[in-house]
Amino acid sequence: MKTSRLCAVVLTTFLACLPLAAQQIVDWISGDTLPPLAMAANPVAHKIYVADGLLFTGGTTINVINEQDDGITDVNVGNYPIAIGVNSATGSAYVLNYTDHGDRRRFEQSAFQSHSGDPRSGRGGCEYGYEQDLCWRVSRSK
Amino acid sequence: MTVIHGVDNSTASIPVQGDKAVAIGVNTSTNLIYVAEQNSQSVDIINGATDTPSTSIALGSTPLAIAVDQATNEVFITTGSVLEVISGQMLMTRVSLPAYYSEIALNLT
């Protein structure tokens, strides 16, 4: 199983929903190596969805975490899952694929251009890819 | 767009009109899914009961974020300098914003 900081994102989000006095890290869950981009909880199916990262290799999967045992199942979705919405009326999760119509290559090329003149670039030792109104952080994984 | 069924993690594909979908909102009261797409500068509305597209609403500029108020059945979309308000499945209001806003959140209290 691949390991990453996915667990930190998951736990941080959940802990933010708890009363302050009750906030403590209760567990760590290993996930993918890609920086996760989006997550959502399904209160009907008791599952957590985490979208694989966007840059470098380009994610095409969603990590589905079972709340009962913290087990992870990878579910293949389209290119670049960027947002997740859960319909608690039906128990379905909806995953937006940034490039549903096949311009993955064009996005990759533009995403990796460094824009030193952009005010959002260069923070925290990271570079940013830039396309339209979106500024993507390029993580430097160790 | 991909839908993952909660029970068994099975998936299905839902065709959307444009490309570069960036934001999603769900109204569980009406069972409608709102998908903001940048290339087409529109919001696709999906029927959550059938997982099929219902209609598409042109915005006139690039959407960045969505928020849904289930109590009023209103959907708020920021395109940066404009706030679009959809009531149900109809574009109702277009409000110019005093600055550029790329995120949106509702205070329901």
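The exchange below asks how some statements about this predicted two-chain model are reached.

Me: What should I know about the numbering and about the kind of model before I begin?
Reply: Residues are numbered from 1 along each chain as its sequence is written, and chains are lettered from A and ligands numbered from 1 in the order in which they are written. This is a predicted model, in which local features need pLDDT of at least 70 and side-chain atom pairs count only at pLDDT 80 or more, while totals for chains, interfaces and linings use all residues.

Me: How do you know what confidence the predictor has in chain B and in the complex?
Reply: The predictor's confidence in each residue is its pLDDT, on a scale from 0 to 100; for chain B the mean is 93, and 99% of the residues reach 70 or more. For the complex, the predictor gives an ipTM of 0.92 and a pTM of 0.75.

Me: What makes a stretch of chain A a helix or a strand, and how many of each are there?
Reply: Helices are DSSP runs of H or I with at least four residues, strands are DSSP runs of E with at least two, and both are numbered from the N terminus. By that rule chain A has 2 helices and 8 strands, and along the sequence they follow the pattern α-β-β-β-β-β-β-α-β-β.

Me: Why is B:I86 called buried?
Reply: A residue is buried if 20 or more other C-beta atoms (placed from the backbone) lie within 10 Å of its own, exposed if 12 or fewer do, and partly exposed in between. B:I86, which lies in strand 9 (residues 80-87) of chain B, has 23 C-beta neighbours inside 10 Å and therefore counts as buried. In chain A, buried residues make up 34% of the 142 residues, and strand 5 (residues 81-87) of that chain is mostly covered, with 7 of its 7 residues buried.

Me: What does B:I86 touch, leaving aside residues up to four places away in sequence?
Reply: Two residues are in contact if their C-beta atoms, placed from the backbone, lie within 7 Å, and on that basis B:I86 touches B:V43, B:I57, B:E74, B:V75, B:L91 and B:M92. B:I57 is 29 residues away from B:I86 along the chain, and the C-alpha atoms of the two are separated by 8.8 Å.

Me: What makes strand 5 and strand 6 of chain A a pair?
Reply: Two strands pair if DSSP finds at least two bridges between them; these two are joined in the antiparallel sense over 6 bridges, so the condition is met. Within the pair, A:G85 stands opposite A:Y94, and the two strands form a hairpin with 4 residues between them, where A:G91 in the turn has a positive phi of about 80 degrees.

Me: Why do strand 3 and strand 6 of chain B count as edges of their sheet?
Reply: In chain B, 4 strands form an open antiparallel sheet in the order 3-4-5-6. Strand 3 and strand 6 each have a single partner strand, so one side of each is left without a neighbour in the sheet. Inside this sheet, 6 bridges join strand 3 to strand 4, with B:I24 opposite B:V35, and strand 5 (residues 42-47) pairs with strand 6 (residues 52-58) over 6 bridges.

Me: How do you know that the two chains touch, and which strand of chain B supplies the largest share of its side?
Reply: Under the contact rule already given, 28 residues of chain B are in contact with 33 residues of chain A. The largest share of chain B's side, 6 residues, comes from strand 3 of chain B. Strand 6 (residues 92-97) of chain A also pairs with strand 1 of chain B in the antiparallel sense over 4 bridges, and A:A93 stands opposite B:I4 there.

Me: What makes a group of residues a nonpolar core, and which residues have the most contacts inside the largest one?
Reply: A nonpolar core is a set of buried Ala, Val, Leu, Ile, Met, Phe, Trp, Tyr and Cys residues joined through C-beta atoms within 7 Å. The largest has 47 residues, and those with the most contacts inside it are A:V95, A:L96, B:I24, B:Y34 and B:V35. Among the residues that B:V35 touches are A:L96 and B:I24.
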